[in-house]
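Grab a pencil and open the viewer. Below are some exercises, each with a solution you can follow step by step.

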Amino acid sequence: MKINQVEQTVGITKKNIRFYEDQGLLHPSRNLENGYRDYSEDDIAVLFKIKLLRKLSVPIEEIRKIQENHLSLTDCMLRHTIYLDHEMKNLSLIKEMCDELSQKEQSLHSLDASAYLKKMQQLEEGGTRFMDIGKSDQKKKYGPILAAVVMVALMLALILIFIWGYSVDPIPLGLLLIFIAIPCVVIIGVLLALKERFKEIEGGEENEAAKY
């Protein structure tokens with residue numbers, strides 16, 4: 001079965017199907033004649049299970065552990081129930097704050113945001129979780145950025161060493177330019193790879209809950 005047919009059968013976008021493949025949750029075979037993915041009935045069954053668990057907000061990592069028999073479905077559900085109980089308490093506190101704001105009937109202009117943020121900080125210290133804007137995506141970006149900075153710094157240092165060596169013991173200028181061009185190409189490659197990595201981070205699993 002081709003991916004377009006799978007998309008219609010399971011109700012999951014092609015983007016998410018490929019995302020689950022990249023995450024190692026799905027392993028379709030390849031058609032030897034054209035190299036296209038060929039999804040079997042077993043693959044469809046796996047996707048339905050992934051869809052169910054994702055609709056229940058089970059994390060990708062938990063699904064992977066279940067598939068690899070490192071975690072039973074029962075233990076996963078028990079653990080997830082505890083997590084959801086905690087989330088419900090969080091939502092209850094958030095709702096109370098929203099109710100408080102609505103009852104005061106004040107405008108955005110007159111809103112004393114600092115007072116509410118201080119109250120939220122106190123609640124967070126007690127274990128309540130509020131929306132942490134962009135934190136997860138930023139965490140994913142720190143690693144690639146750090147690796148890119150280190151590699152670029154090494155290549156720039158290498159260029160400086162070549163230039164210093166040329167000033168001490170000159171070599172043919174053409175040879176020097178070749179030596180300098182190599183780390184320059186590496187730097188360009190690293191920056192392009194970093195750009196693609198950012199696209200991957202931003203293009204992860206789509207939130208398809210409303211479409212399931």
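**Exercise 1. Find which residues of H1 and H2 meet, and work out how the two helices are arranged.**

Before you start, keep in mind that you're looking at a predicted model.

Step 1: Look for the touching residues. On the H1 side you should find Ile3, Asn4, Val6 and Glu7, and they meet Lys14, Ile17 and Arg18 in H2.

Step 2: Sort these residues by chemistry. The contact of H1 with H2 divides into three nonpolar, one polar and three charged residues.

Step 3: Now the geometry. Two packed helices are described by the angle between their axes and the distance between the axes. For H1 (residues 3–10) and H2 (residues 14–22), the axes come within 9 Å and cross at roughly 105°.

Step 4: Name the arrangement. Angles of 65 to 115 degrees count as roughly perpendicular, so H1 and H2 are roughly perpendicular to each other.

**Exercise 2. Find which residues of H2 are buried, and say what covers them.**

Step 1: Go along H2 and pick out the buried residues. You should end up with Asn16, Ile17, Phe19, Tyr20 and Glu21.

Step 2: Check two of them against the cut-off, which is under 20% relative accessible area for buried. Phe19 has 17% relative accessibility, so Phe19 counts as buried. Tyr20 has 0%, so Tyr20 is buried too.

Step 3: Look at what sits over these residues. The cover includes H1, strand S2 (37–38), H3 and H4.

Step 4: Have a look just past the helix. H2 is followed by Gly24, whose phi is positive, near 80°.

**Exercise 3. Explore the largest nonpolar core: which residues touch the most other members, and which elements give two or more residues?**

Step 1: Start with a bit of background. In soluble globular proteins, nonpolar side chains tend to be buried together.

Step 2: Find the best-connected members. The largest nonpolar core has 20 residues, and Val6, Ile17, Tyr20 and Leu47 touch the most other members.

Step 3: Ask where the core residues come from. H1, H2, helix H3 (41–55) and helix H4 (60–67) each give two or more. H3 supplies the largest share, four residues.

Step 4: Zoom in on Leu47. If you skip its neighbours within four places in sequence, Leu47 is in contact with Val6, Val10, Ile12, Ile17, Tyr20 and Leu26.

Step 5: Don't stop there. Apart from this core lies another one, of six residues, including Ala148, Val152, Ile187 and Leu194.

**Exercise 4. Find the aromatic pairs and describe how the rings in each are placed.**

Step 1: Count them. The structure holds two aromatic pairs.

Step 2: Recall what to read off. A pair of aromatic rings is described by the distance of the centres and the angle of the planes.

Step 3: Take Phe19 and Tyr20. Their centres are 5.9 Å apart with 65° between the planes, and the pair is edge-to-face.

Step 4: Take Phe162 and Phe179. Here the values are 5.4 Å centre to centre and 25° between the planes, and this pair is stacked. It links distant parts of the chain, with Phe162 in helix H7 (residues 135–168) and Phe179 in helix H8 (residues 173–202), 17 residues apart.

Step 5: Check how open the second pair is. Phe162 is partly exposed, at 24% relative accessible area, and Phe179 counts as partly exposed at 31%.

**Exercise 5. Two residues, Ser57 and Asn69, have a positive phi. Where do they lie, and are they buried or exposed?**

Step 1: Begin with Ser57. Its phi is positive, about 70°, although it is not a glycine. You'll find Ser57 in the loop between H3 and H4, and with 42% relative accessibility Ser57 counts as partly exposed.

Step 2: Do likewise for Asn69. This residue isn't a glycine either, and its phi is positive, about 65°. Asn69 lies in the loop between H4 and helix H5 (73–104). At 71% relative accessible area, Asn69 is exposed.

**Exercise 6. Look at Asn90 and Glu100 in helix H5 and list what each one contacts.**

Step 1: Asn90 lies in H5 and is buried, with a relative accessible area of 3%. Leaving aside neighbours within four places in sequence, Asn90 is in contact with Gly127, Thr128 and Arg129.

Step 2: Glu100 lies in H5 as well, and at 25% relative accessibility Glu100 counts as partly exposed. With neighbours within four places in sequence left out, Glu100 is in contact with Tyr116 and Lys119.

Key. Residues numbered from 1 in each chain as written. Heavy atoms only, no water. Axes fitted to C-alpha atoms, helices over the stretch in contact; angles between N-to-C directions. Parallel < 35°, antiparallel > 145°, perpendicular 65-115°, else oblique. Contact = heavy atoms within 4.5 Å. Nonpolar A, V, L, I, M, F, W, Y, C, P; charged D, E, K, R; others polar. Core = buried A, V, L, I, M, F, W, Y, C linked by side-chain atoms within 4.5 Å. Buried < 20%, exposed > 50% of the residue type's maximum accessible area, 1.4 Å probe, protein only. Phe/Tyr/Trp six-rings, centres within 6.5 Å; stacked < 30°, edge-to-face > 60°.
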